[in-house]
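Reader: Could you pick one part of this structure and walk me through it closely? I'm in my first year, and plain words would help a lot.

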Amino acid sequence: MAAFMNPAWNGQFSCFDLVAKTEERSRTVVRVRDIEIGGSEVVVMAGPCAVESERQLLETAEAVAEAGARVLRGGAYKPRSSPYAFQGLGIEGLKLLRKAQDETGLAIVTEVLSEKDVDQIAEYADIMQVGARSMENYALLDSLGRCGRPVLLKRGMVATLEELLRSAQIIALAGNPHIILCERGIRTFETATRNTLDISAIPVLKTVSHLPVIADPSHAAGVRCLVPMLARAAVAVGADGLIVEVHPSPEKALSDGDQSLTFREFRSMMDDLQPYLAIEQEARQLRPQLLALAGAD
Ligand code: PEP
Ligand code: MN
């Protein structure tokens, strides 16, 4: 989304020179297999919060691929708030992700918690996810700068956009410019939702940075009934993609069941998104001409 630049943002963000938008560099398209993130298509990533079993993952992968997702999400290493909660299947989970990829052709995004796991996860993942809790893990960011894979960098739940871009700059400085930013909701005083989707973060980031920006309505909402509406809102303000949690039986999910969509709900979210995607795609094609006419970029 090409909102016009607020002069105050210039000084605030331009110091992160590798990720800030400039006249020479207004847009980065991150290429993952045959998918372009930050291009003309809004890319949907979907799957379970955690990889739990072969059946759970393969069924979900098939369902989300059929509904139009291009990337399969699924945590093999889980950052759980409680030490007693399911921590993920580790390497076994990575192998299941590979199997799901072989069967569906979906690209894979999965979280990396520690710099020690970067090399192993890079063998299986097309996109390396940095979770909200790890956004300021500088050792991890630094090693992701050398991993040779695109990075999905989630905004910390108490991080400003300046801090998010600072973390992106660290990855870029270490040698990796293939970064996708993700707004996943921030902590506010509101308790009706798990987090508050900071909808304005999307156009601000799209204005001040050349990196693609996606939204995670699932972790923002914390409740599944809000996910389709937040997804629509994110598309309407220019998100380059979405990452959404889907589970065959959310009530039995080992993590984040309350916010996970059933297959049917995901399909209907995708169907309902179509008119919004069509409008957004048209706007993206027209935008460069409109900006040229307005004499701005
Ligand atoms: C997740 O994607 O399952 C996750 C843990 O997300 P976040 O880091 O945004 O909380
Ligand atoms: Mn989750």
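Author: Let's begin with three words you'll meet again and again: a residue is buried if its relative accessible area is under 20%, exposed if that value is over 50%, and partly exposed in between. Keep in mind, too, that this is a predicted model.

The part I'd like to show you is a meeting of two helices. Find helix α2, residues 54–66, and then helix α3, residues 91–104. Their axes come within 9 Å and cross at roughly 35°. That crossing of α2 and α3 is right-handed. Who does the touching? On the α2 side you have Glu54, Leu57, Leu58, Ala61, Glu62 and Ala65. Across from them, α3 brings Leu96, Leu97, Lys99, Ala100, Glu103 and Thr104.

Now pick one residue from each of those lists: Glu54 and Lys99. Their side chains meet in a salt bridge, with 2.7 Å from N to O. Glu54 belongs to helix α2 and Lys99 to helix α3, 45 residues apart, and the pair therefore links distant parts of the chain. Are these two buried, exposed, or something in between? Lys99 has a relative accessible area of 33%, which means that it counts as partly exposed. Glu54, at 36%, is partly exposed as well.

What makes a pair count as a salt bridge? A side-chain nitrogen of Lys or Arg has to lie within 4 Å of a carboxyl oxygen of Asp or Glu. The 2.7 Å for Glu54 and Lys99 comes in under that cut-off. By this rule, the model has 17 salt bridges.

Let's set another of these pairs beside ours. The side chains of Glu245 and Arg73 also meet in a salt bridge, this time at 3.4 Å from N to O. Glu245 sits in strand β10 (residues 241–245) and Arg73 in strand β4 (residues 71–73), so this bridge ties together parts that are 172 residues apart in sequence. Look at the accessibility here: Glu245 has a relative accessible area of 0%, so it is buried. Arg73, at 3%, is buried too. Back at the helices, remember, Glu54 was partly exposed, and Lys99 was partly exposed as well.

A third pair gives you a mix. Arg194 and Asp256 meet through their side chains in a salt bridge of 3.1 Å, N to O. Arg194 lies in the loop between β8 (179–183) and α7 (201–208), while Asp256 lies in the loop between β10 and α10; the two are 62 residues apart and join distant parts of the chain. Arg194 has 36% relative accessible area and counts as partly exposed. Asp256 comes out at 19%, under the 20% cut-off, and is therefore buried. Salt bridges can also share partners, as they do in the network that joins Lys206, Asp240, Glu280 and Arg284.

Stay with Asp256 for a moment, since its backbone has something to show you. Asp256 has a positive phi of about 55° although it is not a glycine. You can find another case in Arg33, with a positive phi of about 50°, again in a residue that is not a glycine. Arg33 is in the loop between β1 (30–32) and β2 (35–37). With 54% relative accessible area, Arg33 is exposed, whereas Asp256 is buried.

The loop that holds Arg194 has another residue to look at: Asp198 is also between β8 and α7. Asp198 is buried, with a relative accessible area of 16%. Leaving aside residues up to four places away in sequence, it touches Arg155, Glu183 and Ile186.

For contrast, go to Tyr84, in the loop between β4 and α3. Tyr84 is exposed, with a relative accessible area of 78%. From Tyr84 to Ile179 you'd go 95 residues along the sequence, or 32 Å through space, C-alpha to C-alpha.

Last stop: helix α10, residues 263–294, where you'll find Leu290. At 52% relative accessibility, Leu290 counts as exposed. Together with Leu286 and Leu293, it makes a nonpolar surface patch of about 340 Å².

Then swing back to where we began, and look once more at α2 and α3 crossing at roughly 35°, with the Glu54 and Lys99 side chains meeting in their salt bridge.

Notes. Residues numbered from 1 in each chain as written. Chains lettered and ligands numbered in written order. Predicted model: local features only at pLDDT ≥ 70, side-chain atom pairs only at ≥ 80, totals over all residues. Heavy atoms only, no water. Patch = residues over 30% accessible without salt bridge, like charges linked within 9 Å, V, L, I, M, F, W, Y side chains within 5 Å. Areas by Shrake-Rupley, 256 points an atom, 1.4 Å probe, with all protein chains shown as cover. Helix = DSSP H or I, 4+ residues; strand = E, 2+ residues; numbered from the N terminus. Buried < 20%, exposed > 50% of the residue type's maximum accessible area, 1.4 Å probe, protein only. Axes fitted to C-alpha atoms, helices over the stretch in contact; angles between N-to-C directions. Left-handed = near helix turned anticlockwise from the far one by under 90°. Contact = heavy atoms within 4.5 Å.
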